[in-house]
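Biologist: I would like to go through this model with you, starting from the cysteines and ending with the aromatic rings. Please show it first.

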Amino acid sequence: MALNPQLFPNGMPIPFTNEMFVLVRHGVEFEVDKIPGSQGGRVKAWGIIYLSNIRMVFVASRPVGNFFAFDMPLLYVHDEKFNQPIFHCNNISGQVEPVVPENEHRALYSTHSFKILFKEGGCGTFVPLFLNLIASVRRYNQQVNHEPQPRVDPLQAAQTPVDEMMRHAYVDPNDPTKIFLQQPTTESQLRRRTYQSQPVEGSM
């Protein structure tokens, strides 16, 4: 994960080179733990989820303290689960490993538990796309890396083919999720090359 990733003024995440956004979902509640500076380490916020071939990014509708967005690389997510409780709304829970800066030790960073609660409308489009995408990213990464690596580059996920998956996605009429059949256009050509780098203008 990466706390407060770089965003455009409209709130959309600044993309990485070769990143493809798959969908956007408004009206979700997001919960995450072990956030520095928050009360008890936990944050709960309303906002938007962006899903791409590299990561899932929650962007809060309004900041909670210093927290305004949360970036979860798909290769770092694990133990994800779709929950359908009887008396509460459907949700996805899971854990995500931290994106550790190159010169720092892994032991200084904690694994985060998160939950995405679908409080406005259904989730029949979002959930299958998310689960299929994360499974494809893992399969493709295992084919590329025959030996396990202690620090997998989260941007390797960009090589996963997603076009076919998006074209054949089931669209639930009760789910307000919007699938990007074309990539969202912005006036800026800013692109990020790594999780540690600043955006580079026109880096394609």
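Modeller: Start with C123, which is buried at a relative accessible area of 7%; buried means under 20%, exposed over 50% and partly exposed in between, with a 1.4 Å probe and protein chains only. This is a predicted model, where local features need pLDDT of at least 70, side-chain atom pairs count only at pLDDT 80 or more, and totals for chains, interfaces and linings use all residues. Residues are numbered from 1 along each chain as its sequence is written, and side-chain values use heavy atoms, leaving out hydrogens and water.

Biologist: How many disulfides does a search of the whole structure find?

Modeller: A disulfide is a pair of cysteine sulfur atoms within 2.5 Å. For C123, the closest cysteine sulfur is that of C89, at 9.0 Å, which is too far for a bond. The search of the whole structure therefore has a plain result: the number of disulfides is 0.

Biologist: Is strand β5 largely enclosed or open, and why?

Modeller: Strands here are DSSP runs (E, at least two residues), numbered from the N terminus. Strand β5 covers residues 67-73, and 6 of its 7 residues are buried, so the rest of the structure leaves it largely enclosed.

Biologist: Which residue stands opposite A69 in β5?

Modeller: Two strands pair if DSSP finds at least two bridges between them. β5 pairs antiparallel with strand β4 (residues 55-64) over 6 bridges, and 2 bridges join β5 to strand β1 (residues 2-3), also antiparallel. On the β1 side, A2 stands opposite D71. On the β4 side, the residue opposite A69 is V59.

Biologist: Which residue takes a positive phi in the hairpin of β4 and β5?

Modeller: That hairpin has 2 residues between the strands. The positive phi, near 65°, belongs to G65.

Biologist: How many aromatic pairs are found, and what is the geometry of F21 and Y50?

Modeller: Rings of Phe, Tyr and Trp (its six-membered ring) pair if their centres lie within 6.5 Å; planes under 30 degrees apart count as stacked, over 60 as edge-to-face and the rest as tilted. The search finds 9 aromatic pairs. F21 and Y50 are 6.2 Å apart centre to centre with 70° between the planes, which makes the pair edge-to-face.

Biologist: Which strands hold F30 and F58, and why is the pair stacked?

Modeller: The ring centres are 4.7 Å apart and the planes lie at 15°, so F30 and F58 are stacked. The pair ties together parts 28 residues apart in sequence, F30 being in strand β2 and F58 in strand β4.

Methods
Helices (H or I, at least four residues) and strands (E, at least two) are DSSP runs, numbered from the N terminus.
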